[in-house]
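Here's a quick walk through a fold, sheet by sheet. Have the 3D view open and follow along.

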Amino acid sequence: MNPTFRLLPEQASTTAVHVDHLAIYLMTVAVIFSTLIFFFIFYFAVKYRRRAEHERTGDIKSPLLLEILWSVIPFILMMVMFTWGASVFFEMSRPPDDAMNVYVVGKQWMWKAQHVEGQREINQLHVPLGRPVRLTMTSEDVIHSFYMPAFRVKFDVLPGRYTTAWFHPTKPGQYHLFCAEYCGTQHSGMIGSIYVMEPAEYETWLAGGAGGESLAANGQKLFQYLACANCHRTDKPGRGPNLEGLFGTPVQLTSGETVNADEAYVRESILNPSAKVVAGFQNIMPTFQGLVTEEDLLQLIEYVKSLAKPKGQPTAPPSGAMPPALAGRGTSGKAGPKSGTVQKR
Ligand code: CUA
């Protein structure tokens, strides 16, 4: 470890630079104005001290120019903070489209990561250099917070919800991972390491180790095991909607609402199927609450995702069992009237 003193942690991501510049601006403004204010407090206290008994304040005219200046200058400085801060915030909250996806599950007291290719890790995360990484995160128990100082990423990990964070590593090396939300006795031990590797090295790492099947393939097995395929058929109309081409498309519900089929929607439809019933279908699906873990859910989601991708994508499930995904709308098959049309409730 480098024993030299650092004011800020190492910068190892594209956002780190932007966050630091903003932080330095905020700090500079704060320091300059605090200094000025303290200087004038003492200066005026001395200059305008009471010199004699019965001293009276004279007639004071308001200095218009001064008043305009001390309103306009802080206003400009604040607006810079606002627009700059908003732009960094938007950058941090929008993962690039080409980002690779990694799933993270937090639990007391460890971090579990699953790669789309099937690799699993605990308290470690290996990522390739020079590629944006998108984290889709959830918790099995309480609120945790995924904190990687070198990338300036800190995001809450919540039970029952998916949150996403992303970073684009710019330097190879090993970096700290912390839990930044008090989550019980061993919160301080809920730590780990992020390894940023050269792309070739990363490929070797991915190929080695457990060498299991892809997340989508595991999800497909679960799909069969849980007998989902009995109703969600691809060969003929089933009792449940056909899931091919579903992910990422709008779905029309019996309530008249239209929702986007994202991770949260798929998760909810497995755990609480009656919450959002697809138009044209009966509310007959049983809940799978308690039958699937958070990690199972992520595998099922990745499988449903793989059904939406055109043939030949690397994460597609093994060929044979599933016909190529349809490029059409989410609620294909016999699902209701004109799927995809956005309707007013
Ligand atoms: Cu998990 Cu603190």
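## A pair of facing residues

Let's start small: Tyr 175 sits opposite Ile 194 of β10. That pair belongs to a stretch where β9 (residues 173-179) and β10 (residues 192-197) run antiparallel, with five bridges joining them. Bear in mind that what you're looking at is a predicted model.

## The sheet around β9 and β10

Zoom out a bit and you'll see that β9 and β10 are part of an open sheet of five strands, ordered β4-β10-β9-β6-β7, with mixed pairing. At the edges are β4 (124-128) and β7 (153-157), each of which pairs on one side only. From one strand to the next, the twist averages 20°.

What lies across β4 and β10? That's helix α3 (residues 199-207), and its direction makes about 130° with β4.

## The other sheet

There is also an open sheet of five strands in the order β3-β2-β1-β5-β8, and here too the pairing is mixed. Its edge strands are β3 (120-122) and β8 (163-167), each paired on one side only. The twist in this sheet averages 25° from one strand to the next.

Within this sheet, β5 (residues 133-139) and β8 run antiparallel and are joined by five bridges. If you want a spot to click on, try Thr 136: its bridge partner in β8 is Thr 164. Helix α6 packs on this sheet, where it touches β1 (100-107), β2 (110-115), β3 and β5. The direction of α6 makes about 160° with that of β1.

## A closer look at α6

Is α6 mostly covered or mostly open? Mostly covered: 14 of its 15 residues are buried.

Its length is easy to check too. Helix α6 covers residues 294-308, so at 1.5 Å a residue its 15 residues should span 21 Å. The C-alpha atoms at its ends are 21 Å apart, which agrees.

## The chain as a whole

Now for the full picture. The protein chain has six helices and 12 strands. Of its 345 residues, 39% are buried. Its accessible surface comes to about 20,000 Å², and carbon and sulfur atoms account for 60% of that.

How about contacts along the sequence? Take the contacts between residues at least 6 apart in sequence: 67% of them join residues at least 24 apart.

Note on methods
Residues numbered from 1 in each chain as written. Predicted model: local features only at pLDDT ≥ 70, side-chain atom pairs only at ≥ 80, totals over all residues. Heavy atoms only, no water. Helix = DSSP H or I, 4+ residues; strand = E, 2+ residues; numbered from the N terminus. Buried < 20%, exposed > 50% of the residue type's maximum accessible area, 1.4 Å probe, protein only. Contact = heavy atoms within 4.5 Å. Areas by Shrake-Rupley, 256 points an atom, 1.4 Å probe, with all protein chains shown as cover. Pairing = 2+ DSSP bridges. Axes fitted to C-alpha atoms, helices over the stretch in contact; angles between N-to-C directions. Expected span 1.5 Å × (residues − 1).
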